[in-house]
Amino acid sequence: MKFNRVLLVLNSEKPGDEKEKLVQQVMPILSPNIKELTIIQTESVDELKEACHQSVELIIVYGGDGTVHVVVNELMKIENRPKLAILPGGTCNDISRALSIPQNLKKAAESIVEPNIKTVDVASINDYFFLNFSGIGLITEASENIDDQLKETFGRISYFISAIQQLQQSESFHFKLTTDGEVVEEEAVMILVMNGYFIGTHQFPLPTISIQDGLLDVMIIKESNLQTIRDWFSLSYTHQENEEEHQIKHIKAKEVIIEPETIKDVDTDGEVYIKTPIKVKVLHEEIDMIVGENFIGEE
């Protein structure tokens with residue numbers, strides 16, 4: 001498939017040699033299949049947002065989850081929005097993983113020129129949007145307390161190190177949760193609202209989670225203990241009919257309202273800038289994205 005007008009956006013935080021490597025790897029693949037390709041290296045978030053309003057058929061974003069998150073929020077303001085593709089360039093790349101996009105740049109570029117285009121769900125959260133997840137509690141504490149040097153040295157492993165470091169310090173909180181009108185009041189150390197299904201490069205072990213099903217998957221982690229975290233990270237957790245006996249509770253819903261007893265920071269796709277209370281609503285089949293050939297969505 002040959003695209004007419006395409007914009008390639010490069011994350012300004014990437015070092016020059018990494019951008020040069022990107023160009024060397026993907027341009028020979030992209031160029032023959034694009035009539036007009038514009039490359040913009042943004043120097044700020046404002047420039048990144050502005051770039052999204054160009055009149056193009058496709059926007060290709062090179063960057064991590066944070067960069068994609070900014071672009072998605074900006075595209076949601078556009079009535080006739082372009083299609084979106086991702087060249088993974090971050091630490092975890094959970095959004096691209098949820099779309100089965102190859103993590104190898106050449107293969108990711110090949111998936112763009114032979115595109116598998118799917119219309120995926122987007123979740124609204126207060127006045128913003130996310131593709132993969134939002135969360136409060138332990139997930140936010142781990143994200144906020146990642147040491148920059150540790151992240152630079154160990155990459156995605158730093159998220160797990162931070163989570164373990166926060167594990168013993170994490171305290172449960174009381175919350176009111178409303179899902180499609182049903183109210184639950186409990187204690188938890190973490191609540192996740194999933195649209196995608198990857199956290200820290202690991203796929204959440206629930207085959208029913210889909211980014212195309214028009215539903216959110218709410219995960220309530222009740223206690224902070226090594227077994228619960230190990231179950232999550234090792235993917236040994238499986239859905240049980242009687243989940244009251246387990247430390248992870250799963251609820252599916254179209255709309256979720258979370259009201260903790262005290263105000264908490266919210267992690268959305270790895271970015272922390274929203275505070276509770278939050279109202280999350282799934283927007284079914286909202287944005288066209290290029291996905292990998294192994295993408296499994298709703299038929």
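Is Cys-92 buried or exposed? Cys-92 is buried, with a relative accessible area of 6%. That value comes from a predicted model. This briefing covers the cysteines, the aromatic pairs and the surroundings of Asp-217.

**Cysteines**
- Cys-52 has a relative accessibility of 1%. Buried means under 20% relative accessible area, so Cys-52 counts as buried.
- Cys-92, at 6%, is buried because its relative accessible area falls under 20%.
- The disulfide count comes to zero. The rule asks for a pair of cysteine sulfur atoms within 2.5 Å.

**Aromatic pairs**
- Searching the whole structure turns up three aromatic pairs.
- One of them joins Tyr-197 and Phe-198. The ring centres are 5.6 Å apart and the planes meet at 40°.
- Planes under 30 degrees apart count as stacked and over 60 as edge-to-face. An angle of 40° fits neither class, so the Tyr-197 and Phe-198 pair is tilted.
- Tyr-197 and Phe-198 are both buried.

**Asp-217**
- Asp-217 sits in strand S13, which covers residues 216-221.
- Its relative accessible area is 0%, so Asp-217 is buried.
- Which side chain does the side chain of Asp-217 meet in a polar contact? The partner is the side chain of His-250, at 2.7 Å.
- Neighbours within four places in sequence are left aside here. Beyond them, Asp-217 is in contact with Leu-192, Val-193 and Met-194. Thr-208 and Ile-209 are also in contact with Asp-217. His-250, Ile-251 and Lys-252 complete the list.
- His-250 thus appears both as the polar partner of Asp-217 and among its contacts.

Conventions
Residues numbered from 1 in each chain as written. Predicted model: local features only at pLDDT ≥ 70, side-chain atom pairs only at ≥ 80, totals over all residues. Heavy atoms only, no water. Phe/Tyr/Trp six-rings, centres within 6.5 Å; stacked < 30°, edge-to-face > 60°. Buried < 20%, exposed > 50% of the residue type's maximum accessible area, 1.4 Å probe, protein only. Helix = DSSP H or I, 4+ residues; strand = E, 2+ residues; numbered from the N terminus. Polar contact = N/O pair within 3.5 Å; in protein donor to acceptor, adjacent residues only side chain to side chain. Contact = heavy atoms within 4.5 Å.
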